[in-house]
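Reader: Could you take me through one part of this model in detail? I'd like a close look at the enclosed spaces, and then at the side-chain contacts that go with them.

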Amino acid sequence: MWTPAQRGRMAGITRKTKRYPSDLTDEEWERIAPLMPPANRRGRKRTTDFREIINALRYLVRSGCGWEMLPVHFGPWQTVYWWFRRLMRRFLFQTIHDVCLMLDREAAGRETSPSGGVIDSQSIKAPHAKTRGYDAGKKIVGRKRHIAVDTDGRLLLVQLTTADISDSAGGQMILDAIRKRWPWVKHLFADGAYDRLQLMDKATFLDFTVEIIRRSETAKGFEILPRRWVVERTFGWMIRWRRLVKDYEQRIDVAEAMIHIAMGCLMLRRNAHP
């Protein structure tokens, strides 16, 4: 539940948007406008309003509607989709998210690049995926989101696989990716599913320390585990965006882009309206 002060703050931000709460405010647009692709020097002059394209994509992920259900004032949905695919190939959504993440860490008095993190996975239904797997533990047919977050819950990276891939195997993929993207990360927290010999060997080889946080054997019912609750909160942030409640995308790269749009919006709003 939000406090009255938080509700008042969100209402103030909503009043600054054009039509929908997901729209960019002027302050948010000022921060990401320099990251948009420059206009071509030759050929026909570009008429696309990138602010409206980003607004449309944020609306799509936040509301969970289909491409053809986008409101007409965003322009033809085919144009929005064409630019989405082009911007995704340029890694624009990932760039926006990572830049805003580093700025948010600075605003919180932290180092720009994290040195510690938490890893976990989430199995989710993927009714339209080209390839799916069965997670016997969660009894879910779909994909699995392997994520790493910093110690405050900011998303560092996400790797998507079929749901039958084990946490240990997905964790090894996370270690490879995080070493390239966030080279200063040294210490990772994880649950007992990651306590596997191959994963620990790889962590040692890549100069990681993986600390396993186990549930108390005497605990009954729900128990808040130190460090572990942070990554669960991040999953909660994700599924507030209706497009992410399930994985509706056929392609894995499109699904990852949808996650970066959602989490980038969260980071951008926190930066523009502290």
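Author:
**The cavities and the contacts around them**

Let's start with the second largest cavity, where α9 gives the most to the lining, with three residues. Keep in mind that this is a predicted model. The space inside this cavity comes to about 50 Å³. Its lining is made up of Arg-145, Leu-160, Arg-243, Leu-244, Lys-246, Asp-247, Tyr-248, Glu-249, Ala-255, Met-258 and Ile-259. Sort those by class and you get six nonpolar, no polar and five charged residues.

How many cavities of 30 Å³ or more are there? The count is two. The largest cavity holds about 120 Å³ of space. Helix α9, residues 252-272, turns up here too, along with α3 and α5 (92-107), as the elements that give two or more residues to the lining. Again α9 has the largest share, with five residues. The residues that line this cavity are Leu-24, Ile-32, Ile-54, Leu-57, Arg-58, Phe-93, Ile-96, His-260, Ile-261, Gly-264, Cys-265 and Leu-268. By class that makes nine nonpolar, two polar and one charged.

Two names on that lining are worth following outwards: Arg-58 and Phe-93.

Take Arg-58 to begin with. Arg-58 makes a salt bridge with Glu-28, and the closest N and O atoms are 3.1 Å apart. Glu-28 sits in helix α2 (residues 26-32) and Arg-58 in helix α3, so to speak two distant parts of the chain, 30 residues apart, linked by one pair. Are these two buried or exposed? Both Glu-28 and Arg-58 are buried.

Now for Phe-93. Ring pairs join Phe-93 into a cluster with Trp-67, Tyr-81 and Phe-84. In the whole structure, the aromatic pairs number nine. One of them goes back to helix α3: the rings of Tyr-59 and Phe-74 have centres 5.6 Å apart and planes at 50°, so this pair is tilted. Tyr-59 belongs to helix α3 (residues 50-63), while Phe-74 is in the loop between α3 and α4 (77-89), so the pair ties together parts 15 residues apart in sequence. Tyr-59 and Phe-74 are both buried. Another pair is Trp-82 with Trp-83: the ring centres are 5.0 Å apart and the planes stand at 90°, so this pair is edge-to-face. Their accessibilities are worth a look as well. Trp-82 is partly exposed, with a relative accessible area of 47%, whereas Trp-83, at 6%, counts as buried.

Some rings also have a charge over them. Arg-62 lies over the face of Trp-241, 5.5 Å from the ring centre. Likewise, the charged end of Arg-179 sits over the ring of Phe-208, at 4.1 Å from its centre.

Back to salt bridges. The structure holds 19 of them, and the Glu-28 and Arg-58 pair is one of these. In another, the side chains of Lys-202 and Asp-176 meet at 2.6 Å, N to O. Lys-202 is in helix α7 (residues 197-205) and Asp-176 in helix α6 (residues 167-181), so this bridge ties together parts 26 residues apart in sequence. Here Lys-202 is partly exposed, with a relative accessible area of 23%, and Asp-176 is partly exposed at 31%.

Then there is the bridge between Asp-207 and Lys-186, with the closest N and O atoms 3.1 Å apart. This one runs from loop to loop: Asp-207 is in the loop between α7 and β6 (209-212), and Lys-186 is in the loop between α6 and β5 (187-190), so the pair ties together parts 21 residues apart in sequence. Asp-207 is partly exposed, with a relative accessible area of 48%, and Lys-186 is partly exposed too, at 36%.

Finally, some salt bridges join up into a network, which takes in Asp-104, Arg-105, Arg-110, Asp-150, Asp-152, Arg-154 and Arg-270.

Notes
Residues are numbered from 1 along each chain as its sequence is written. This is a predicted model: local features need pLDDT of at least 70, side-chain atom pairs count only at pLDDT 80 or more; totals for chains, interfaces and linings use all residues. Side-chain values use heavy atoms; hydrogens and water are left out. Rings of Phe, Tyr and Trp (its six-membered ring) pair if their centres lie within 6.5 Å; planes under 30 degrees apart count as stacked, over 60 as edge-to-face and the rest as tilted. Helices (H or I, at least four residues) and strands (E, at least two) are DSSP runs, numbered from the N terminus. Buried means under 20% relative accessible area, exposed over 50%, partly exposed in between (1.4 Å probe, protein chains only). A charge sits over a ring if NZ of Lys or CZ of Arg is within 6 Å of the ring centre and within 35 degrees of the ring normal. On a 1 Å grid over the protein atoms alone, a cavity is a set of points where a 1.4 Å probe fits but cannot get out, and a pocket is an open set with protein on both sides within 12 Å along at least five of seven lines; lining residues have an atom within 4 Å of a point. Grid points are joined across faces, edges and corners, and a volume is the space filled by probe spheres set on the points. Ala, Val, Leu, Ile, Met, Phe, Trp, Tyr, Cys and Pro count as nonpolar, Asp, Glu, Lys and Arg as charged, and the others, Gly among them, as polar. A salt bridge is a side-chain nitrogen of Lys or Arg within 4 Å of a carboxyl oxygen of Asp or Glu.
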